[in-house]
Amino acid sequence: QVQLVESGGGLVQAGGSLRLSCTTSGRTFSSGSMGWFRQAPGKEREFVACIMMTASITSIADSVKGRFSISRDNIKNTVSLQMNNLKPEDTAVYYCAADASRWIKAGPPTYWGQGTQVTVSS
């Protein structure tokens with residue numbers, strides 16, 4: 001079975017940085033795409049960023065463009081989200097997501113992680 005495990009969340013002051021990582025097991029995502037969504041209390045889950053597994057193509061949400069970046073390591077089966085210049089509005093549970101054949105921005109992804117909390121204080 002497929003498992004996605006996130007790590008790296010925590011509490012940070014506005015203007016600070018965090019790096020989230022997602023490690024996969026159960027299968028190798030050598031195709032398709034992987035990325036991140038987030039959900040704040042009382043709000044719908046929204047797309048953050050994704051990356052294709054067979055090409056250097058990424059997509060970043062306008063709300064975080066210029067501050068967040070996404071990268072992957074196919075050998076280690078990991079995908080990371082570097083978050084810089086964090087704002088209180090970035091506070092949310094961040095979820096790793098993956099699909100073996102589709103662009104997850106077009107959704108819905110087939111696989112989801114359990115989520116990791118990111119809290120940005122003002």
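Which residues is Ala-14 in contact with, leaving aside its neighbours within four places in sequence?

1. **Ala-14.** The answer is Leu-86, Pro-88, Val-120, Ser-121 and Ser-122. The model is predicted. Ala-14 sits in the loop between β2 (10–13) and β3 (18–25). Its relative accessible area is 42%, so Ala-14 is partly exposed. Ala-61 lies 47 residues from Ala-14 along the chain. The C-alpha atoms of that pair are separated by 19 Å.

2. **Overall fold.** The protein has 11 strands and zero helices. Its elements, read from the N terminus, run β-β-β-β-β-β-β-β-β-β-β. The radius of gyration is 13 Å, close to the 14 Å that the globule rule gives for 122 residues, so the protein is as compact as a globular protein of that length. The C-alpha trace spans about 40 × 25 × 25 Å along its principal axes.

3. **Burial, contacts and surface.** Of the 122 residues, 43% are buried. Take the contacts with a separation of 6 or more: 57% of them join residues 24 or more positions apart. The accessible surface comes to about 6200 Å². Carbon and sulfur atoms account for 48% of that surface. On charge, the protein has 12 positive and 8 negative charges. Their mean positions are 4 Å apart.

4. **Phe-37.** This residue is found in strand β4 (residues 33–39). Is Phe-37 buried or exposed? Its relative accessibility is 9%, under the 20% limit, so Phe-37 counts as buried. Beyond residues up to four places away in sequence, Phe-37 touches Arg-45, Glu-46, Phe-47 and Val-48. The same list holds Val-93, Tyr-94, Tyr-95 and Ala-97, and also Ile-104, Pro-109 and Trp-112. Ala-49 is 12 residues from Phe-37 in sequence. In space, the two are 7.1 Å apart, C-alpha to C-alpha.

5. **Ser-59.** Strand β6 (residues 58–60) holds Ser-59. The relative accessible area of Ser-59 is 9%, so this serine is buried. Which side chain does the side chain of Ser-59 join in a polar contact of 3.1 Å? The partner is Lys-105. Leaving aside neighbours within four places in sequence, Ser-59 is in contact with Phe-47, Val-48, Ala-49 and Cys-50, and with Trp-103 and Lys-105. Phe-47 and Val-48 are also among the residues that Phe-37 touches.

6. **Ser-80.** Here the element is strand β8 (residues 78–83). At 7% relative accessibility, Ser-80 counts as buried. Its side chain makes a polar contact of 3.3 Å with the side chain of Arg-19. Not counting residues up to four places away in sequence, Ser-80 touches Arg-19, Leu-20 and Ser-21. Trp-36 is on the list too, as are Ser-69, Ile-70 and Ser-71.

7. **Arg-72.** This arginine is placed in strand β7. Its relative accessible area is 28%, so Arg-72 is partly exposed. Where does the side chain of Arg-72 find polar partners? One of its polar atoms lies 2.8 Å from the backbone oxygen of Met-52. A polar contact of 3.2 Å joins the side chains of Arg-72 and Asn-74. Leaving aside neighbours within four places in sequence, Arg-72 is in contact with Ile-51, Met-52, Met-53, Thr-54, Ala-55 and Ser-56. Thr-78 and Val-79 complete that list. Ile-51 is 21 residues from Arg-72 in sequence, and the C-alpha atoms of the two are 7.6 Å apart.

8. **Two asparagines with positive phi.** Most residues other than glycine have a negative phi. Asn-77 has a positive phi of about 55° although it is not a glycine. Asn-77 lies in the loop between β7 (68–73) and β8. Asn-85 also has a positive phi, of about 50°, and is not a glycine. Asn-85 is found in the loop between β8 and β9 (92–99). At 42% relative accessibility, Asn-85 counts as partly exposed.

Key: Residues numbered from 1 in each chain as written. Predicted model: local features only at pLDDT ≥ 70, side-chain atom pairs only at ≥ 80, totals over all residues. Heavy atoms only, no water. Helix = DSSP H or I, 4+ residues; strand = E, 2+ residues; numbered from the N terminus. Buried < 20%, exposed > 50% of the residue type's maximum accessible area, 1.4 Å probe, protein only. Polar contact = N/O pair within 3.5 Å; in protein donor to acceptor, adjacent residues only side chain to side chain. Contact = heavy atoms within 4.5 Å. Rg over C-alpha atoms; globule rule 2.2 N^0.38 Å. Areas by Shrake-Rupley, 256 points an atom, 1.4 Å probe, with all protein chains shown as cover. Lys, Arg positive; Asp, Glu negative; His and termini not counted. Charge placed at Lys NZ, Arg CZ, Asp CG, Glu CD.
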